[in-house]
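Student: I would like to go through this structure slowly and ask, for each term, what earns it. Could you set each value against its cut-off as we go?

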Amino acid sequence: MASSSWALALVLALSVGGSVARGSETLVERNAAVCLDGSLPGYHLHRGFGSGANSWLVNLEGGGWCNDVSSCVFRKGSRRGSSNHMERQLQFTGIMSNRPEENPDFYNWNRVKVRYCDGGSFTGDGSDAAAGLYFRGQRIWQAAMDDLMAQGMRYANQALLSGCSAGGVSTILHCDEFRGLFPSNTRVKCLADAGMFLDTVDVSGRRKMRSFFNGIVRLQGSGRSLPRSCTSRMDKTSCFFPPNVLPTIQTPTFVLNTAYDVWQLQQSVAPRTADPQGLWSKCRTNHAFCNSNQLQFLQGFRNQMLDAVRGFSASRHNGLFINSCFAHCQSERQDTWYANNSPRLGNKKIADAVGDWFFERGDAKYTDCPYPCDGTCHHLVFRGDH
């Protein structure tokens, strides 16, 4: 596909006052940036207003990964791998909401959702012609940022990069790149939600997550895009794990995570492949069914999570909110971000803690006591074994 410097905008009428924010889609064509299937990547933008007209929140969409040809071929038939299957409008909630009662600090900012269609946390740079796959995550990142800068982000007086899950990984991997887009006097920070994937041993004694991430890095050619501050001292697969990149980030960053991340519980701590007898099947879907030995194992996982952020949290520029909930992603859901019964630590909702950190209204480092002490959690319970 020929490189081009223009964007195809699908113009949709948007009302700001009192309405639910729905970002309109913009497809970007430049620098051979394409989704897994070769379709154009895109983003959804809801314009800021009032005091937030020159402030920008860029959210990197999450949604897992593909680590081999078959999983990437499957993925390209969905919105996770093709803009042909994406919604033309997205409802923005949580940190993306345009209502002050739902999002007190960022409601009137320019809010952007960069769609995720590469399966490699915006890091890949390669292709597989035989399978019809394009691994262009890094180019998608660069093309989206270039287009947003042309849309007015270059004039931002403050900017925040955020994302949850695979988007949280993307946020950490691209944080310093995002900082580099702006003048030194622009306030720029990063918020990684549920992105602290650990290189942990599963219940069978193996490291499934390391094997999985290694597949992504090798297949998609991600190594060239990973932060050199990490790859200069560690192998490329290790540098796909956010805990190994965190110590090298120069930009102020906030880590929001649960100590018992349910995605990691199901996919890397106690995956079905590591549990052939199904001893963890009930615990995987509902924490209330975890026995004492299983809870002890999960407490060890919590300790690893806390160890991973110990040095990071020592910096006065960084923020932290690790609650002892069985959940995954808390910044983009309204009930966990800012609602009457939202999770709290130190009597602070997540939105309050993030706002205090970004605007430097006070210290914002919160770590919960071990499960089951926190009564404010919104635990996720599943009906089937995921």
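Tutor: Let us begin with a pair of residues in this predicted model: A159 stands opposite V188, which belongs to β10.

Student: What makes β9 and β10 count as paired strands?

Tutor: Two strands pair if there are at least two bridges between them, and β9 and β10 are joined by seven bridges, running in the parallel sense, so they meet the definition of a pair.

Student: How do you know that β10 and β11 pair as well?

Tutor: The reasoning is the same kind of check: at least two bridges are needed, and β10 and strand β11 (residues 253-258) have four, again in the parallel sense. One place to look is C190, whose bridge partner in β11 is T253.

Student: Which helix joins β9 and β10 in a β-α-β unit, and what is the handedness of that unit?

Tutor: The helix is α3 (residues 166-179), and together with β9 and β10 it makes a right-handed unit. The term is used because, with the strands pointing away from the viewer, the path from the first strand over the helix to the second runs clockwise.

Student: Is strand β10 mostly covered or mostly open?

Tutor: Strand β10 (residues 187-193) is mostly covered, since six of its seven residues are buried.

Student: Why is the link between C164 and C329 called a disulfide?

Tutor: A pair of cysteine sulfur atoms counts if they lie within 2.5 Å, and the sulfur atoms of C164 and C329 are 2.4 Å apart, so the pair passes the test. The torsion about their S-S bond is about 95°, so this disulfide is right-handed. The pair links distant parts of the chain, with C164 in strand β9 (residues 158-164) and C329 in the loop between β12 (319-323) and α10 (334-337), 165 residues apart.

Student: How do you know whether C164 and C329 are buried or exposed?

Tutor: Buried means under 20% relative accessible area; C164 has 10% and C329 has 12%, so both count as buried.

Student: What makes the disulfide of C35 and C117 left-handed?

Tutor: The torsion about the S-S bond of C35 and C117 is about -75°, so the disulfide is left-handed. C35 lies in the loop between β2 (22-28) and β3 (42-46), while C117 lies in the loop between β6 (110-114) and β7 (126-128), so the pair ties together parts that are 82 residues apart in sequence. The sulfur atoms of C35 and C117 are 2.1 Å apart, and both cysteines are buried.

Student: What can be said, by the same tests, of C283 and C290?

Tutor: Their sulfur atoms are 2.0 Å apart, and they form a disulfide, which is right-handed because the torsion about its S-S bond is about 85°. C283, at 2% relative accessible area, is buried, and C290, at 9%, is buried too.

Student: Why is helix α7 described as largely enclosed?

Tutor: Six of the eight residues of α7 (residues 262-269) are buried, so the helix is largely enclosed by the rest of the structure. Among the buried residues are V262, L265 and V269, and the buried residues of α7 pack against α4 (208-220), α8 (281-285) and α9 (292-313).

Student: What makes the contact at the start of α7 a polar one?

Tutor: A polar contact needs a pair of N or O atoms within 3.5 Å, and here a side-chain oxygen of D261 reaches to within 3.0 Å of the backbone nitrogen of W263, so the distance satisfies the cut-off.

Key:
Residues numbered from 1 in each chain as written. Predicted model: local features only at pLDDT ≥ 70, side-chain atom pairs only at ≥ 80, totals over all residues. Heavy atoms only, no water. Buried < 20%, exposed > 50% of the residue type's maximum accessible area, 1.4 Å probe, protein only. Helix = DSSP H or I, 4+ residues; strand = E, 2+ residues; numbered from the N terminus. Contact = heavy atoms within 4.5 Å. Polar contact = N/O pair within 3.5 Å; in protein donor to acceptor, adjacent residues only side chain to side chain.
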